[in-house]
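Open your viewer and get your selection tool ready. We will take a walk through this structure, one stop at a time.

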Amino acid sequence: MARAADSELQQHNAVSRLHAAFSLPRRGFFKLMGSGLFVCLARPGAFSQESGKAGRGRHELPTTIDSWLHIGDDGEITAFTGKVEVGQNVRTSLAQQVAEELRVPLASIKMVMGDTELTPYDMGTFGSRTTPQMGLELRKVAASARSLLIETAARNWQAQPTDLVVAHATVHDPKSGRAISYAELVRAQKLTKVILDDPPLTPASQWKMAGSSPLKVNGRDFVTGAHKYTSDLTISGMLYGKIIRPSAFSAKLASCDTSPAETLPGVTVVREGDFLGVAARDEISAQRAAAAIRTQWEVPGQISERDLFSRLRATPSQSQSESGDEHVTGAIDEARAQAAKTIARTYTVAYIAHVPLEPRAAVAEWKQDFLTVWTGTQRPFAVRQELAEAFHIAETSVRVIVPDTGSAYGGKHSGEAAVEAARLAKGAGRPVKLVWTREEEFTWAYFRPAGVIDVKSGAQADGGLVFWEFDNYNSGPAAMLTPYEVPHQRIAFHPADAPLRQGSYRSLAAAANHFARESHMDELAHELGMDPLKFRLKNLTNQRLRAAFMAAADKFGWGREKSSSGRGFGVAGGIEKGGYIATCAEVSVNREQVRVVRVVEAFDCGAVVNPEELSSQISGAIVQGLGGALFEAIHFENGRILNPHLSSYRVPRFSDLPGIEVVVLDRKDQPPAGAGETPLTGIAPAVANAIFDATRIRLRSMPLIPNGLPAAGANP
Amino acid sequence: MSFTLLVNGAAYSLDVPPEETLLSVIRERLGLTGSKYGCGEGRCGACTVLIEGSPVRSCSMKIGAAAGKTITTIEGLASGGSLHPVQQAFLEKQAFQCGYCTPGMILSALALLEHITAPTSEQIGRYLDGNVCRCGTYPRIIEAVHAAALSRSKPNGKSRG
Ligand code: FES
Ligand code: FES
């Protein structure tokens, strides 16, 4: 409270300040605001002075605000964040953290998310940053708001702030028995506060609302079908769009005849360069119109799947020097001679697709030169920029709104559908909805990068690692470093000139790098005749990862007798994004049929904000990870995707589900880390190692068994 | 062509091209957007509706085939303010993340429970295998179906369906 008093409480016209600070036509925000208390958090260095002194120029206002909060005189509390909800439950978990610090019921918090006009700028919802970063910021904002309310009450009552307590959205004075609700406190006021320093936060050990597992705040809308995803929206006068796609990547439109479509009633054809699309009064008319257009495309020759891995190795991309992702310690060349056992192996990872169950969709509406687009994206502000650039308009003339979205998994960072819908809407002079088909989503989105990973390693006879060389071609540098103690290391990422459009995917390259490293650790353990778990622990000093390995192994019963022949056990683990993961898998092999029967995963991601949802995220990541581990792969030839349907691209189903047991290591003494991604990384190597244990067949390519188990002789 | 659809207890007369799918009609013409498009080829179950109580992939059915039959969509389950027991169980067991698969899952689960009042986990998995949850909430969904079975079996539990 003493700290909060450092920042002067200003009675101020928040709206005009905001307008100046963001130079945006925040019309919606004006309506929302009204009177009440408004608190925002400025990043360190963003704002060097107290806020709101009269006559200040707008350049002195904070431009890097990450979150803000409003308490209305009706008691409604609204928290604003540029993050979006794509199934990771942050609408609830962020609200929980606000409720915790404000000491109010969860239901009184409204979260406004992912709306470029109402919420602070945000880079995007990815990298498991929402919980550690946005959660922390909202806690700070809410804690400051609480202090401010206490101070206001103290002033009214001429009491000491330290004598007052808050509970249930009310400030109490236990001495005098007085009480006043937040709503009354902020009534008929416009209080604004910019937080410059860190308020004291409630420690995780004292959390009541945070750290619990309430039902999703808007869960009811999902079970009743009432929730409107982007693809469900309609606005008045809206047309339905359809894009005429090239016959292959990089194709040029050689010729087209649009006249059969143009003669259809109510159809607009929009052509700009190679962009060709239609807008019509309903879906079926749009489909018919698109089908009536005849096109010829010029398709350049392109790399096909069979040449993929040689291509990735052979064509380092131009940007290699810039990325400079190389890590060296010790002296590899001298170290080789000291190792009693050395091995060199290569691992590969196929392209896979995110397959968000809701494909890309957008609704675009122009009002004069102002463009509003509703779309499911993880990066509303980046999509706003994409739109501004596409139409040569200012970002202040674009608003992007993200309804809670039918999942993304790193696959919705971009605004393709948004730009296409806006183009059609512009051409048609009416709002347009565009929903990609599954085939479009499979073809025209982007993929998790394929990769080749070479690993060379050596150990002493007692199992101590001596050297470790790791070269990742194209898949990415995430979690590339080894958590094991190795005196001599060279670890490098080599970007390549990749044949397909690629981008982020849940856990990025951590899945590929864990697969290579943890498979390789297993191979080395077997070469040394050591138990794979013991070998890892011998080379591991990180206590949190050790604890995760022990917890998983313990629950799994590592080392116990197998129930029957044809069973195999595998273990894998690692550190990524502040999380410590260990996974044990059991497989059963019956001729070429492999089944993952049981998975035990231990995960330490610091203090846990919502235990139930965390365990759901972990088991969901395991299920999704199983797809990439076992059978998911994009097949392509000469610029065409060969399996762009769910009938030809297999995703995990109920019948693939192993028994999943999750051990959450709740570390109340550690800051919360994001949890949506890292739990995906251990499953592929754990399963590969279990298959080896059962069969002595070492599989070094993800997916491991797209067509069942290969014959032993076929193993490279 | 004109068709009559009986959806959630109401009759609709519609004039639509015969090649239009049931999914597109209920979403676009009737505004019942709880049924989702996920694949358009009968492989994900997001578009599941009940026709005469049996689960049907509405993306793969032409409007004519559904005309005159009793159709239930997710919007038809809750009555008044109270959720259907299967919806309630999905909500309480947090059996979804993004929720996009949820309406199809709930309707498929409901159809299963009409056949087998207390299914085993294996039976649930087998019956729902055509419904994809890309978020991988399968374990929770199985729990939710068990919970719904239990609540429906209670004598004073709600057992509409
Ligand atoms: S949309 Fe009908 S089954 Fe996928
Ligand atoms: S909850 Fe996202 S697809 Fe099932």
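Into which domains is chain A divided? Colour three selections to see them: domain 1 covers 7-222, domain 2 takes 230-299 + 360-435, and domain 3 takes 315-351 + 447-702. Keep in mind as you go that this is a predicted model.

**Stop 1: domains 2 and 3 of chain A**

Select domain 2 of chain A together with domain 3 of chain A. Their centres, taken over C-alpha atoms, are 39 Å apart. Ten residues from domain 2 of chain A and ten residues from domain 3 of chain A make up the contact. About 740 Å² is buried between these two domains, with carbon and sulfur atoms giving 49% of that area.

Which residues form a salt bridge here? Show the side chains of A:Arg501 and A:Glu416: their closest N and O atoms lie 2.7 Å apart. The count between domain 2 of chain A and domain 3 of chain A is one salt bridge. Turn on polar contacts as well, and you can look for six residue pairs across this interface, both partners being at pLDDT 80 or more. On the side of domain 2 of chain A that touches domain 3 of chain A, the residues divide into four nonpolar, five polar and one charged.

**Stop 2: chain B**

Now move to chain B and give its two domains their own colours: domain 1 is 2-76 and domain 2 is 85-153. The distance between their centres, over C-alpha atoms, is 21 Å. In the contact, 16 residues of domain 1 of chain B meet 13 residues of domain 2 of chain B. Together the two domains bury about 1100 Å², and 62% of it is on carbon and sulfur atoms. Select B:Lys36, B:Leu50 and B:Ile74 next, since you will want them on screen: they supply 37% of the area that domain 1 of chain B buries against domain 2 of chain B, more than any other three residues.

How many salt bridges does the rule find across the interface of these two domains of chain B? The number is zero. Polar contacts are there to be displayed, though: four residue pairs, with both residues at pLDDT 80 or more.

**Stop 3: where the chains meet**

Show both chains and select the residues in contact: 53 from chain B and 56 from chain A. About 4500 Å² is buried between the chains, and carbon and sulfur atoms give 54% of that. On the chain B side, pick out B:Gln94, B:Gln97 and B:Arg134, which lose the most area to chain A and together account for 20% of what that side buries.

Stay with B:Arg134 and add A:Glu632: their side chains meet in a salt bridge, at 2.9 Å from N to O. Across the interface of chain B and chain A the rule finds six salt bridges, along with 32 residue pairs in polar contact, both at pLDDT 80 or more.

**Stop 4: the nonpolar cores**

Which residues touch the most other members of the largest nonpolar core? Select A:Leu371, A:Leu387, A:Ile634, B:Phe90, B:Ile141 and B:Val145; the core has 101 residues. Then centre the view on B:Phe90. Leaving aside neighbours within four places in sequence, B:Phe90 has contacts including A:Val223, B:Phe96, B:Met105, B:Ile141 and B:Val145.

For a last selection, try A:Phe549, A:Val589, A:Phe631 and A:Ile691. These are among the 75 residues of another core, which lies apart from the largest one.

Methods
Residues are numbered from 1 along each chain as its sequence is written. Chains are lettered from A and ligands numbered from 1 in the order in which they are written. This is a predicted model: local features need pLDDT of at least 70, side-chain atom pairs count only at pLDDT 80 or more; totals for chains, interfaces and linings use all residues. Side-chain values use heavy atoms; hydrogens and water are left out. Domain bounds come from an automatic or database domain assignment. Contact means heavy atoms within 4.5 Å. Buried area is the accessible area (1.4 Å probe) that two parts lose on being put together, summed over both. A salt bridge is a side-chain nitrogen of Lys or Arg within 4 Å of a carboxyl oxygen of Asp or Glu. A polar contact is a pair of N or O atoms within 3.5 Å; within protein, one must be able to donate a hydrogen and the other to accept it, and residues adjacent in sequence count only if both atoms are side-chain atoms. Ala, Val, Leu, Ile, Met, Phe, Trp, Tyr, Cys and Pro count as nonpolar, Asp, Glu, Lys and Arg as charged, and the others, Gly among them, as polar. A nonpolar core is a set of buried Ala, Val, Leu, Ile, Met, Phe, Trp, Tyr and Cys residues joined through side-chain atoms within 4.5 Å. Buried means under 20% relative accessible area, exposed over 50%, partly exposed in between (1.4 Å probe, protein chains only).
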